[in-house]
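Happy to walk through this one with you. Take a look at the chain first, and then we can go over its fold and its domains.

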Amino acid sequence: MPEGLIVKALSGYYYVKPADPALDEIIQCRGRGIFKKKGISPLVGDRVIYSPTENGEGMVDEILPRITELIRPPIANARLAVLLFSLKEPDLNLQLLDKFLVHIEHEGLQALICLTKEDLLDAENEDIASITEQAARLYEQIGYEVFITSSLTGKGTEAVKSRLAGEISVLSGQSGVGKSTLLNAMFPGLSLETSEISTKLGRGRHTTRHVELIELENGGYVADTPGFSQLDFLELGIEELSTCFREFRELSEGCKFRGCTHLHEPGCKVREAVDDGAIAAGRYEHYVQFYEEMKDKKRRY
Ligand SMILES: Nc1nc2c(ncn2[C@@H]2O[C@H](COP(=O)(O)OP(=O)(O)OP(=O)(O)O)[C@@H](O)[C@H]2O)c(=O)[nH]1
Ligand SMILES: [Zn+2]
């Protein structure tokens, strides 16, 4: 039976791209009734076994094991989360970046940080230039890949492009940080609509949503949906939060108390590292803020 990739799901149909490169037509498929009975739903990004039916359509018979599974957006097998944060317009927001990173760590994806609109930094913006450098160095030290990009000058775009090859990626970032513009700069054939145009039409690009994978010319796929649209912490246990701060993980094993929250317990290695400067104060501050936010939510629900 042939294998394929679900690239779109809409109105009960799954659109499957055959794995065989000789078959370049997308096949419109239904899912087997058994999936529904078992409470399984095929997802965009699923590798599946399908069988062609007489009417030129097909049937998804089997879903191959997933390596990751996101709920919002509903996508299987994405391995890379590309986080876009503009250096200006809007200003770099490291608290939001850390929030995204918590979610990505929780989902088990790899994060790739793109600091966009580098061309907007000029001689008058020395402060921002040094904040940018510091941020890039900080996140690299923690173990993330960081790219500084400009879709206007092309800086960094080739490097990001080659990282997307062969991967299923989700792009995340606030509205206006340049997601569509970056995709267009990397893959001119795509001609994605950017914000200016959609505001003219008086509606956001992402108002009617179905999830779809955009095939890239280098064998990668990007989800055409804002990734991680829901950034509340409802799915995350409060005790899991500190494990989503990568640089806390190993250190926390040395904390005096098991289940140390790193807030006020004596003998806390994480807080010691903050005092020594081994953990950035800003990251720790965000940890405390998110912790409080989660505690608050628990009280309300
Ligand atoms: N100067 C400069 N402007 C950019 C760059 N990238 C994007 N922009 C501008 O930023 C605005 C928003 O860009 P989009 O690509 O539409 O942003 P988006 O993240 O896709 O936004 P949403 O579709 O709302 O999620 C547009 O006016 C772009 O021209 C860049 O590298 N440099
Ligand atoms: Zn601790």
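Q: What percentage of the 301 residues of the chain count as buried?
A: Keep in mind that this is a predicted model. Here a residue is buried if 20 or more other C-beta atoms lie within 10 Å of its own. Of the 301 residues, the share that meets this is 35%.

Q: How many helices and strands does the chain have, and why is it described as being as compact as a globular protein of that length?
A: The secondary structure comes to nine helices and 13 strands. For 301 residues the globule rule gives 19 Å, and the radius of gyration of the chain is close to that, so the chain is as compact as a globular protein of that length. The radius of gyration itself is 21 Å.

Q: Among contacts between residues at least 6 apart in sequence, what percentage join residues at least 24 apart?
A: Two residues are in contact here if their C-beta atoms lie within 7 Å. Among the contacts between residues at least 6 apart, the share joining residues at least 24 apart is 61%.

Q: Which element gives the most to the side of domain 2 that touches domain 3?
A: The chain is divided into domain 1 (3-65), domain 2 (75-223) and domain 3 (238-300). Ten residues of domain 2 are in contact with ten residues of domain 3. On the domain 2 side, the elements giving two or more residues are α2 (94-107) and α3 (126-142). With seven residues, the one that gives the most is α2.

Conventions. Residues are numbered from 1 along each chain as its sequence is written. Chains are lettered from A and ligands numbered from 1 in the order in which they are written. This is a predicted model: local features need pLDDT of at least 70, side-chain atom pairs count only at pLDDT 80 or more; totals for chains, interfaces and linings use all residues. Helices (H or I, at least four residues) and strands (E, at least two) are DSSP runs, numbered from the N terminus. The radius of gyration is taken over C-alpha atoms; the globule rule is 2.2 Å times the number of residues to the power 0.38. A residue is buried if 20 or more other C-beta atoms lie within 10 Å of its own, exposed if 12 or fewer, and partly exposed in between; C-beta atoms are placed from the backbone. Domain bounds come from an automatic or database domain assignment.
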